Amino acid sequence: MAFPQGAAHADTLQEALTDAYLTNPTLEAARANLRATDEGVPIQRAQGLPSVTATGNYIEFLKTSPNSFTAPERRLQIGPDLNVPIYSGGAVKNGIRAAKERVQAGRADLRATESAIFSRVVAAYMDVLRGQALVGLSANQVDVLTVNLQATSDRFEIGDLTRTDVAQSQSRLAVAQSDLQTSQATLIQARENYIALVGDAPTNLQPPPPLPGLPDDSLTAVEQALEYNPDLIAARERAKAAGYDSEVAGAGRLPTLSLFAGSDYTDYFGTLAGGAGGVSQSETTANAGVQLSIPIFQGGLPAARQRQAQARESAALETVIATERDVISQVRASWSSWQASLAIIESSQAAVAAAELSLEGVRAENSIGNRTILDVLNAEQELLQSRVQLVTARRNAYVAGFSLLAAMGRAEARDLGLADEGVLYDPVANYDRVRGNIWDWDRDPDPATKSPRTVDVPAATAEIPETADTGG
């Protein structure tokens, strides 16, 4: 879904999501972990590729055999050796397959991390909007009750009201002031949470756009989640990888076949046969051959390894079912929460309208003596509670709707319009870069953090932008 741009110098939800996508350290760590998982494929493939080693040694023979007439006093030997694996019982082939499945699982994990971060950003964004609205409502209530207390005190001075009426007004004002302090602290906490996720302070957050793509019923939501939920996809891929691991473990009882070749240069430094003539003091040799290794008895090691791998495969298969259950539960719960919040919004809007009308009538009746000050205070409190409930319901509905999209696998970078910003991270690019690399001395630059610190971001305050919606 594409989010429209807000006013100049004002934060929009897409800007917050983009900032988090580019700078959130949890997301950067997940990308780095996926790059580490990518290396599993070349690591497994390397076990089936030829290898070349060079060995050298220098020996001083401190005491030689008296029965050897050609024993040298010292020797230098150096030479390369080539080994070419031909057959390893399927261990390499299945190891590569398992590594590829884990790469797919890692990509799904990265998608899940994106969804989780975006869900937290949306919740933080909505918490700030709600906090601003509640602070505005609380501040307005303090102003109203301050005026009300002054009017009550004036009427008490002329004998129109009792000291009880004044005390009631004072009590309600004190409670409203306490509520204002609480709401300000909650707003500061919400803003600090926003800073931790996004990396910058919220300034003038704009109302979020509608959430497109929400399903018509929970059954449709569950069907899409079973196909696209990244946690479920990751669990399935890991189960496949565990199946290949079982084959790798079983390969330990099968023969292995390889080719080998080598060459050695040996120098005796003129000490062979006491330096007598007619004997070469250096030589070069070469050899090549085929090596077949057939395991006969290994004390039950291959069987134990395969049983262990099969047990882990069983655990992975059960994890798929457990994850599926969790996904279904999460989708249904998010759907229910979203629907309930929508219903609460509707009823709260009616409650606010009724409370406003009620307060207007109670004030009018109080002016002619048909209502008490307590009736006015109660009506004002009911209106405040209705407005607070409406603000909270709006926040809950949006967060629940986004959580539903996330559970359905529809709340990732590509779904949120970030492709239009040209900032999408391509997890395939690194895999393509490393999967065929066989150069031993290749390395990446030294690791360094990419995410900015927030120590220089000013501490959050409870100040409210003039354009903030107070939920009235």
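Among the contacts in this predicted model between residues at least 6 apart in sequence, 83% join residues at least 24 apart. With the whole chain displayed, colour it by secondary structure: there are ten helices and four strands in the protein, and read along the sequence they follow the pattern α-α-α-β-β-α-α-α-α-β-β-α-α-α. The radius of gyration is 37 Å, well over the 23 Å that the globule rule gives for 472 residues, so the protein is more spread out than a compact globule. Turning the view to the principal axes, one finds that the C-alpha trace spans about 135 × 45 × 40 Å. Buried residues make up 38% of the 472 residues.

**First stop: the sheet**

Select the four strands next, which form an open sheet in the order β1-β2-β3-β4, with antiparallel pairing. Which strands stand at the edges of this sheet? They are β1 (51-60) and β4 (282-293), each of which has a single partner strand, so that one side of each is left without a neighbour in the sheet. Neighbouring strands here are turned by 15° against each other on average, when direction is ignored.

Now narrow the selection to β2 (residues 74-87) together with β3, a pair that is antiparallel and held over nine bridges. To find a point of register between them, pick Tyr 87, which stands opposite Leu 257 in β3.

Moving across the sheet, add β4 to the selection: twelve bridges join β3 (residues 256-267) to β4, and these two strands also run antiparallel. Two positions can be labelled to follow this pairing, since Asp 264 stands opposite Thr 285 in β4, while Thr 266 has Glu 283 of β4 as its bridge partner.

From there, step into the loop between β3 and β4, where Phe 269 is found. The backbone of Phe 269 deserves a look, as this residue has a positive phi of about 55° although it is not a glycine. With a relative accessible area of 39%, Phe 269 is partly exposed.

**Second stop: α2 against α4**

Hide the sheet and select helix α2 (residues 25-38) with helix α4 (residues 91-157), which pack at an angle of about 175° with their axes 9 Å apart. That angle makes α2 roughly antiparallel to α4. Show side chains at the place where the two helices meet: on the α2 side, the contact involves Thr 26, Leu 27, Ala 30, Arg 31, Leu 34, Thr 37 and Asp 38. On the α4 side, the residues to display are Arg 102, Val 103, Gly 106, Arg 107, Leu 110, Thr 113, Glu 114 and Ile 117. Coloured by class, this contact of α2 with α4 shows six nonpolar, four polar and five charged residues.

**Third stop: the loop between α6 and α7**

Select Asn 229, which is found in the loop between α6 (218-228) and α7 (230-250). Is Asn 229 buried or exposed? At 2% relative accessibility, Asn 229 counts as buried, the cut-off for that class being under 20%. To see what surrounds this residue, leave aside its neighbours within four places in sequence and display its contacts, which are Gln 224, Val 327, Ala 406, Ala 407, Met 408 and Gly 409.

**Last stop: two adjoining positions in α8**

Finally, bring up helix α8 (residues 301-367), in which Ala 316 is found. Ala 316 counts as buried, at 14% relative accessibility. Not counting residues up to four places away in sequence, Ala 316 touches Arg 238, Ala 239 and Ala 242. A distance label can also be drawn from Ala 316 to Gly 243: the two are 73 residues apart in sequence and 9.1 Å apart in space, C-alpha to C-alpha.

Then select Leu 317, which is likewise found in helix α8. Leu 317 counts as partly exposed, at 46% relative accessibility. How far apart in space are Leu 317 and Leu 377, C-alpha to C-alpha? A second distance label gives 61 Å for this pair, whose members are 60 residues apart in sequence.

Terms used:
Residues are numbered from 1 along each chain as its sequence is written. This is a predicted model: local features need pLDDT of at least 70, side-chain atom pairs count only at pLDDT 80 or more; totals for chains, interfaces and linings use all residues. Side-chain values use heavy atoms; hydrogens and water are left out. Axes are lines fitted to C-alpha atoms, for helices over the stretch in contact, and angles run from 0 to 180 degrees between N-to-C directions. Angles under 35 degrees count as roughly parallel, over 145 as roughly antiparallel, 65 to 115 as roughly perpendicular and the rest as oblique. Contact means heavy atoms within 4.5 Å. Ala, Val, Leu, Ile, Met, Phe, Trp, Tyr, Cys and Pro count as nonpolar, Asp, Glu, Lys and Arg as charged, and the others, Gly among them, as polar. Two strands pair if DSSP finds at least two bridges between them. The radius of gyration is taken over C-alpha atoms; the globule rule is 2.2 Å times the number of residues to the power 0.38. Buried means under 20% relative accessible area, exposed over 50%, partly exposed in between (1.4 Å probe, protein chains only).
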